[in-house]
Amino acid sequence: MSANGALWGRVRSRLRAFPEHLAACGAEVFFPQASAYGRCVQASTAPGGRLRKDLCVREFEALRSCFAAAAKKTLTGST
């Protein structure tokens with residue numbers, strides 16, 4: 001397999017694992033954080049709003065940390 005083929009194999013593997021990582025984050029934790037981030041982005045793109053870099057960083061970081069912790073647990077096989 002070429003180096004490029006190996007790279008795409010890893011990418012496909014990670015994409016296939018994405019739903020499992022989301023589920024491991026836990027609906028009771030993930031959905032409120034995803035909703036908060038979505039509300040922040042929506043409010044900043046509403047008429048008169050301006051979406052800027054790092055405007056919703058707090059909400060995004062909470063969502064990212066939940067997902068990263070779940071992905072780490074899933075990858076290491078711990079619960």
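Glutamate 59 comes out as buried, with a relative accessible area of 17%; here buried means under 20%, exposed over 50% and partly exposed in between, using a 1.4 Å probe and protein chains only. The residue sits in helix α3, where helices (H or I, at least four residues) and strands (E, at least two) are DSSP runs numbered from the N terminus. Setting aside neighbours within four places in sequence, glutamate 59 is in contact with Ala36, Tyr37 and Cys40, contact being heavy atoms within 4.5 Å. All of this refers to a predicted model, in which local features need pLDDT of at least 70 and side-chain atom pairs count only at pLDDT 80 or more, while totals for chains, interfaces and linings use all residues. Residues are numbered from 1 along each chain as its sequence is written, and side-chain values use heavy atoms, with hydrogens and water left out.

Glutamate 59 also takes part in a salt bridge with arginine 58, the side chains meeting at 3.6 Å, N to O. The cut-off for a salt bridge is a side-chain nitrogen of Lys or Arg within 4 Å of a carboxyl oxygen of Asp or Glu. The two partners sit quite differently with respect to solvent cover: arginine 58 is exposed, at 66% relative accessible area, whereas glutamate 59 is buried. The structure holds two salt bridges, and the pair glutamate 61 and arginine 64 is one of them, at 3.1 Å, N to O. Both of these residues belong to helix α3 and are three residues apart, about one turn of the helix. Glutamate 61 is partly exposed at 33% relative accessible area, and arginine 64 is partly exposed too, at 40%.

Next come the aromatics. One aromatic pair turns up in the structure. The rings of tyrosine 37 and phenylalanine 60 have centres 5.6 Å apart and planes at 55°, so the pair counts as tilted. For the record, rings of Phe, Tyr and Trp (its six-membered ring) pair if their centres lie within 6.5 Å, with planes under 30 degrees apart called stacked, over 60 edge-to-face and the rest tilted. Tyrosine 37 is in helix α2 and phenylalanine 60 in helix α3, so the pair ties together parts that are 23 residues apart in sequence. Both rings belong to partly exposed residues: tyrosine 37 has a relative accessibility of 27%, and phenylalanine 60 has a relative accessible area of 36%.

Cys40, already met as a contact of glutamate 59, has a bond of its own to report. Cysteine 40 and cysteine 56 form a disulfide, with their sulfur atoms 2.0 Å apart, and the count comes to one disulfide under the rule of a pair of cysteine sulfur atoms within 2.5 Å. The pair links distant parts of the chain, 16 residues apart: cysteine 40 is in helix α2 (residues 27-45), and cysteine 56 is in the loop between α2 and α3 (57-76). The torsion about the S-S bond of cysteine 40 and cysteine 56 is about -90°, so the disulfide is left-handed. Cysteine 40 and cysteine 56 are both buried.

Then there is the nonpolar core. The largest one has five residues, namely Cys25, Phe30, Leu63, Cys66 and Ala70, and α3 provides the largest share of this core, three residues. Such a core is a set of buried Ala, Val, Leu, Ile, Met, Phe, Trp, Tyr and Cys residues joined through side-chain atoms within 4.5 Å. Phenylalanine 30 is placed in helix α2 and counts as buried at 15% relative accessibility. Not counting residues up to four places away in sequence, phenylalanine 30 touches Leu22, Cys25, Leu63 and Cys66. With the same kind of exclusion, within four places in sequence, cysteine 66 is in contact with Cys25, Val29, Phe30 and Gln33. Phenylalanine 30 and arginine 64 are 34 residues apart in sequence and 9.6 Å apart in space, C-alpha to C-alpha.

As for the chain as a whole, the secondary structure comes to three helices and zero strands, running α-α-α from the N terminus on. Of the 79 residues, 16% count as buried. Among contacts with a separation of 6 or more, 58% are between residues 24 or more positions apart. The chain exposes about 6000 Å², with carbon and sulfur atoms supplying 61% of it; these accessible areas come from the Shrake-Rupley method with a 1.4 Å probe, and for residues only the protein chains shown count as cover.
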